[in-house]
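Open the model in your viewer and keep the sequence panel in sight. The tour moves from one selection to the next.

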Amino acid sequence: MEHVIDIPKTRKEYMEEILRLKKEKNAVLLAHYYQEADIQDLADYVGDSLGLSRKAAETDADIIVFAGVHFMAETAKIINPNKKVILPDLNAGCSLADSAQPGPFKEFVDAHPDHIVVTYINCTAEIKAMSDIICTSSNAVDIINSIPKDQKIICAPDRNLGEYLIHQTGRDLLLWDGACMVHEAFAMDKILDLHKEHPKAKFIAHPESTQNILRISAFVGSTEKLLNFVQEDDSEEFIIATEAGILHEMQKRVPHKKLIAAPAKDDNTCACSECHYMKMNTLEKLYACLKNELPEVDVPEDIRKKALVPLERMLDLSK
């Protein structure tokens with residue numbers, strides 16, 4: 001007998017229907033740490049960009065549901081051309097990816113033919129197709145260090161991550177001038193005031209943050225490394241400078257510790273820095289996406305093939 005249900009009315013009903021549809025359609029739900037808490041709890045895997053790329057490469061599901069932003073779903077499609085990849089909201093973009101448009105970026109690359117192009121995964125398929133190797137914040141230092149010392153390097157699109165890599169590796173990197181609006185939104189004066197209220201708290205930050213934020217950080221690392229740090233460090237309090245969605249998974253891992261989101265420049269309801277693109281995905285949209293298997297994310301085959309090469313290089317180097 002065919003399963004019949006009215007449109008869910010409560011969050012619990014939405015969650016039950018999402019789980020049912022996921023099983024019925026042999027779909028895997030991949031979610032980024034910056035998604036809302038209920039979506040993270042429903043996911044088959046929650047991770048950062050590197051972890052999500054690995055899981056996308058490994059899955060035997062028929063459908064990949066990507067609860068993240070558009071470039072992440074594109075990456076899954078590049079790796080899995082024969083699988084259906086769907087995204088709850090096609091408008092879930094990325095300010096950092098938007099900061100590198102194909103036309104100007106091609107001109108930049110063409111103007112420096114003696115440079116190889118290392119591109120942060122937070123970029124579009126077109127930009128990946130112009131790259132020699134992809135990196136994430138988890139493996140960027142290792143990727144740069146794997147390149148011969150005499151080889152000139154373009155590092156794009158995040159200038160903050162690029163400056164961090166210059167300090168970490170000692171390399172003279174040519175940077176593209178892009179940035180993530182979430183990680184540029186932290187307010188130094190509010191952070192210092194917050195630290196006065198919590199003098200024992202360790203301040204930790206993501207390398208997409210600006211250099212003044214990184215300079216005062218006790219630890220700088222990717223989303224996954226920040227998670228590991230709060231688990232392994234002896235401190236009982238932390239102020240965390242990255243998108244506030246990470247606190248959900250962090251608190252699950254260290255329920256006995258006090259976790260505080262670093263404040264943003266703008267006053268908002270959470271007093272933190274949130275990515276409005278990440279939060280465009282909701283339970284309601286996730287349900288409709290699974291039910292209708294739409295909207296689907298696709299990548300033109302010529303671009304997909306070119307973009308796959310630097311992605312596979314990254315995955316090979318990150319094993």
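Start with a side chain reaching back to the backbone. Select T169 and L165: a polar atom of the T169 side chain lies 2.7 Å from the backbone oxygen of L165. Now add R171. Its backbone nitrogen lies 3.2 Å from a polar atom of the T169 side chain. Bear in mind that this is a predicted model.

Stay on T169. Is T169 buried or exposed? T169 counts as buried because its relative accessibility is 12%, under the 20% cut-off. Show its surroundings next. Leaving out residues up to four places away in sequence, T169 touches V141, I144 and N145.

Widen the selection to the helix that holds T169, which is α9. Helix α9 covers residues 159–169. Colour its buried residues: N160, L161, G162, Y164, L165 and T169. An α-helix has 3.6 residues a turn, so residues three or four places apart point the same way.

What do the buried residues of α9 pack against? Select these elements in turn:

- the strands β5 (115–120), β7 (152–156), β8 (174–175) and β10 (219–220)
- the helices α8 (140–145) and α11 (211–215)

Now look at the two ends of α9. At the N-terminal end, select D158, which caps the helix. A side-chain oxygen of D158 lies 2.8 Å from the backbone nitrogen of N160. At the other end, select G170, just after α9. G170 takes a positive phi of about 75 degrees.

Next stop: a helix pair. Select α3 (residues 49–58) and α4 (residues 70–79). Their axes are 9 Å apart, and the helices pack at an angle of about 35 degrees. The crossing is right-handed. Show side chains at the contact. From α3, take S49, L52, S53, A56 and A57. From α4, take M72, T75, A76 and I79. Six residues of this contact are nonpolar, three are polar and none is charged.

Finish at P295. Where does P295 lie? Look in the loop between α14 (283–292) and α15 (301–317). P295 is partly exposed, because its relative accessible area is 23%, and partly exposed runs between the 20% and 50% cut-offs. Select its contacts: P295 touches V85, I86, L87, P88 and L90, not counting residues up to four places away in sequence.

For a last view, add A111. Along the chain, P295 and A111 are 184 residues apart. Their C-alpha atoms are separated by 37 Å.

Methods: Residues numbered from 1 in each chain as written. Predicted model: local features only at pLDDT ≥ 70, side-chain atom pairs only at ≥ 80, totals over all residues. Heavy atoms only, no water. Buried < 20%, exposed > 50% of the residue type's maximum accessible area, 1.4 Å probe, protein only. Helix = DSSP H or I, 4+ residues; strand = E, 2+ residues; numbered from the N terminus. Contact = heavy atoms within 4.5 Å. Polar contact = N/O pair within 3.5 Å; in protein donor to acceptor, adjacent residues only side chain to side chain. Axes fitted to C-alpha atoms, helices over the stretch in contact; angles between N-to-C directions. Left-handed = near helix turned anticlockwise from the far one by under 90°. Nonpolar A, V, L, I, M, F, W, Y, C, P; charged D, E, K, R; others polar.
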